[in-house]
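Me: Please take a close look at the largest pocket of this model. What lines the pocket, and which elements contribute? Then set the other pocket and the cavities beside it.

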Amino acid sequence: MPEWTALGKHREQLAEVHLRELFERDPARAGRYTLQVGDLHLDYSKHLVTDETLGLLRELAAAAGVAELRDAMFRGAKINITEQRSVLHTALRAPGSAVVTSDGENVVPGVQHVLTRMGTFSDRVRSGDWKGHTGKRIKTVVNIGIGGSDLGPAMAYEVLRAYTHRDMQFRFVSNVDGADLHEAVRDLDPAETLFIIASKTFTTIETITNATSARDWLLTGLGAGGEAVAKHFVALSTNAEKVAEFGIDTDNMFEFWDWVGGRYSFDSAIGLSLMIAIGPERFREMLAGFHLVDEHFRTAPPEENAPLLLGLLGIWYGNFWDAQSHAVLPYSHYLSKFTAYLQQLDMESNGKSVDRQGNRVGWQTGPVVWGTPGTNGQHAYYQLLHQGTKMIPADLIGFAAPVADLQPGLVAQHDLLMANLFAQGQALAFGKTPDEVRAEGVAEELVPHKTFPGNRPTTTILAAELSPSVLGQLIALYEHKVFVQGAVWNIDSFDQWGVELGKVLAKRVEPALTEGAEVPGLDASTAGLVAKYRELRGR
Ligand code: F6P
């Protein structure tokens, strides 16, 4: 595309430019390069961009048809082409009065119906009205799911802990390693435990295996028969048949639909554990936050469109500056699982190397997304961010207010936390020149070691507080950012064929481990490892 070539040329012109210079040249830059979307304040002034860069990036988006694909998504077109599905997670948070169609049917009433059922159920569990098999109230909810059926609720539960029902416990089991379930239930009373089996397909081996073990644990612990399952197991799925086959009454199933991708499903029934934790009202506030950003993405002009901007900035670095990864660095302990959640969202969506027509792409696609809460990262890997040879664009996320129920001494720590966020953005962008180091009287031989090159781009995202709505806004912002990038790269961001092969091979190899069975076509390395494993296990 000529727009791509133009950006390449422009990049060469900016090769030697430094953020220090961009700020000196344009004193209004900091004010101009900000956006307000709902409660989110975005500062993108510390990026290696000029007005010309942004204009060229927007031209690329226009030429790639980002707006057309976005509109197609919102109206329910089957933009997940390899699975022939609509992509309508935005309908999960649309108001009840909205009309959104897939296959000619308005999906909104169904969404609202399930939300209402979830609300009633959550209230019953929270209030103690829902009783276990022996008549005791539920004290612990264990969500069993993996990928999109785990990461969202597990992350959001941490994020919104301050809003949760503090007399209840919530645990999340995903790993097929038996240790995960063991640690989750070892101190629980089965009579007071509710399992939520979350699986879109209800065929995922990790989840079904853990769910079966959980059922055994429950029935053994209660000394009861299968009739106890009804009071202790509910299912979140699109697959009623498989749910019934597992032995869960479909009256205890909360449905969602094939137009909700796994990694986009946490605001569907998959969020039930979160809804029980924070209550239906807070859950609805979160959905409203999502919707606010959906509407912004759908309607804001390109110059003010935050997901478009973030997506294009990622393309700028990934495709024109050879950045291989993107760090998400929250300055909030509550966001400790946020980056892990974004890894699936981004890397499962855009980790593709063929385009929508099936041809090999000739450009870089999705980045490696990584990061942990910022202050901890500062004492671990920030050294590389500041002085390493790799360019790693980063998002710094912080909040003006600490959570309400912190004790006063801990509230006072918040300024220090945020001072770190601001200091890191500053150091990454502007660094420290050799002259500044010398002016501190540093010995000449140490000057290169103590110099910070700076010029490392960051976006700062600030909000007043970390509320349910703000969480919804943040997630929708990243969802649509990922969408924009997939659209520009012309890849299908909504399938995940890359996870299939490993699943098939694991099934094939398992009998070799357990029974020593011959696996036809097993390569020599893997065969050797299997033999060693059996030897170590004394088989
Ligand atoms: O990892 C592949 C995947 O299909 C994800 O996309 C999905 O979130 C996860 O497995 C779990 O799938 P399910 O909800 O069907 O159990």
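Reply: In this predicted model, the largest pocket has a volume of about 1300 Å³. Its lining is made up of 43 residues, and those closest to the centre of the pocket are Ile-146, Thr-204, Glu-206, Val-499 and Lys-503. Three elements each give two or more residues to this lining: helix 9 (205–222), helix 15 (338–350) and helix 22 (500–515). Of these, helix 22 gives the most, with six residues. Sorted by class, the lining of the largest pocket holds 17 polar, 14 nonpolar and 12 charged residues.

As for its place in the fold, the largest pocket lies between domain 2 (89–278) and domain 3 (499–537), because both domains give residues to its lining.

The second largest pocket encloses about 550 Å³ of space. It is lined by 24 residues, with His-333, Tyr-334, Leu-406, His-414 and Leu-417 closest to its centre. Here the elements that supply two or more residues are helix 16 (374–378) and helix 18 (408–430). Helix 18 is the main contributor to the second largest pocket, giving six residues. The class make-up of this lining is 15 nonpolar, seven polar and two charged residues.

Next, the closed spaces. Searching the whole structure turns up four cavities of 30 Å³ or more. The volume of the largest cavity is about 60 Å³. Around the largest cavity are Leu-35, Tyr-44, Leu-54, Leu-57, Arg-58, Pro-302, Glu-303, Glu-304, Asn-305, Leu-309 and Leu-312. Two elements give two or more residues to that lining, helix 4 (51–64) and helix 14 (306–320). Helix 4 gives the most, with three residues. By class, the largest cavity is lined by seven nonpolar residues, three charged residues and one polar residue.

To return to the part you asked about: the lining of the largest pocket draws on domain 2 and domain 3, helix 22 gives the most residues to it, and Val-499 and Lys-503 are among the residues closest to its centre.

Methods
Residues are numbered from 1 along each chain as its sequence is written. This is a predicted model: local features need pLDDT of at least 70, side-chain atom pairs count only at pLDDT 80 or more; totals for chains, interfaces and linings use all residues. Side-chain values use heavy atoms; hydrogens and water are left out. On a 1 Å grid over the protein atoms alone, a cavity is a set of points where a 1.4 Å probe fits but cannot get out, and a pocket is an open set with protein on both sides within 12 Å along at least five of seven lines; lining residues have an atom within 4 Å of a point. Grid points are joined across faces, edges and corners, and a volume is the space filled by probe spheres set on the points. Helices (H or I, at least four residues) and strands (E, at least two) are DSSP runs, numbered from the N terminus. Ala, Val, Leu, Ile, Met, Phe, Trp, Tyr, Cys and Pro count as nonpolar, Asp, Glu, Lys and Arg as charged, and the others, Gly among them, as polar. Domain bounds come from an automatic or database domain assignment.
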